Amino acid sequence: MMTEIIFVVTEADEGGYIAKCVSESIFTEGETIEELKVNVKDAVYCHFELLETAPKIIRLHFVKDELIAI
């Protein structure tokens, strides 16, 4: 049984946030971080048919790209 599932979170070009799971085919988005957290939780529950098989911890790894002119 999986105890933790990890999502990589990036800012969407059109605004809001995108979350992609690194180990399962789960993808969701949200306009705010609070909305994203709710959507990630819902997506995980939908992906795992039985609540007993769902991971107990969801880790969100935020990635921010920055460009530096040379």
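The exercises below work through a predicted model of a protein, each with a stepwise solution.

Residues are numbered from 1 along each chain as its sequence is written. Local features are used only at pLDDT of at least 70 and side-chain atom pairs only at pLDDT 80 or more, whereas totals for chains, interfaces and linings use all residues, and side-chain values rest on heavy atoms, with hydrogens and water left out.

**Exercise 1. Overall architecture**

Determine which pattern the helix and strands of the protein follow along the sequence, and describe the extent and surface of the protein.

Solution. Begin with the secondary structure, taken from DSSP runs numbered from the N terminus (helices: H or I, at least four residues; strands: E, at least two). The protein has 1 helix and 4 strands, and their order along the sequence is β-β-β-α-β. Next, consider the C-alpha trace, which spans about 50 × 20 × 15 Å along its principal axes. Then turn to the surface, with accessible areas from the Shrake-Rupley method (1.4 Å probe; for residues, only the protein chains shown count as cover): about 5300 Å² is exposed, and carbon and sulfur atoms supply 54% of it. Finally, of the 70 residues, 26% are buried, where buried means under 20% relative accessible area, exposed over 50%, and partly exposed in between (1.4 Å probe, protein chains only).

**Exercise 2. Surroundings of Leu36**

Establish whether Leu36 is buried or exposed, and find which residues outside its sequence neighbourhood are in contact with Leu36.

Solution. First, place Leu36 in helix α1, which covers residues 33–47. Because its relative accessibility is 0%, Leu36 counts as buried. Now list its contacts, meaning heavy atoms within 4.5 Å: leaving aside neighbours within four places in sequence, Leu36 is in contact with Val9, Tyr17, Ala19, Thr28, Glu29 and Gly30. Follow one of these partners, Thr28, into strand β3; Thr28 counts as buried because its relative accessibility is 12%. With residues up to four places away in sequence set aside, Thr28 touches Tyr17, Ile18, Ala19, Leu36, Asn39, Val40 and Ala43. Another partner of Leu36, Glu29, also lies in strand β3 (residues 27–30), but is partly exposed, with a relative accessible area of 41%.

**Exercise 3. Salt bridges**

Find how many salt bridges the whole structure holds, and state which side chains form them.

Solution. Apply the criterion of a side-chain nitrogen of Lys or Arg within 4 Å of a carboxyl oxygen of Asp or Glu; the search then finds 2 salt bridges. One joins the side chains of Arg59 and Glu4, at 2.7 Å from N to O. This pair links distant parts of the chain, since Arg59 lies in strand β4 (residues 57–62) and Glu4 in strand β1 (residues 4–11), 55 residues apart. Arg59, at 44% relative accessibility, is partly exposed, as is Glu4 at 28%. In the other bridge, the side chains of Glu11 and Lys64 meet at 3.8 Å, N to O. Here too distant parts of the chain are linked, with Glu11 in strand β1 and Lys64 in the segment after β4, 53 residues apart. Glu11 is partly exposed at 48% relative accessibility, whereas Lys64, at 58%, is exposed.

**Exercise 4. Charge at the surface**

Identify which residues form a negative surface patch.

Solution. Take residues with over 30% relative accessible area and no salt bridge, and join like charges within 9 Å. The resulting negative patch consists of Asp13, Glu14, Glu29, Glu31 and Glu35.

Methods. Patch = residues over 30% accessible without salt bridge, like charges linked within 9 Å, V, L, I, M, F, W, Y side chains within 5 Å. Lys, Arg positive; Asp, Glu negative; His and termini not counted. Charge placed at Lys NZ, Arg CZ, Asp CG, Glu CD.
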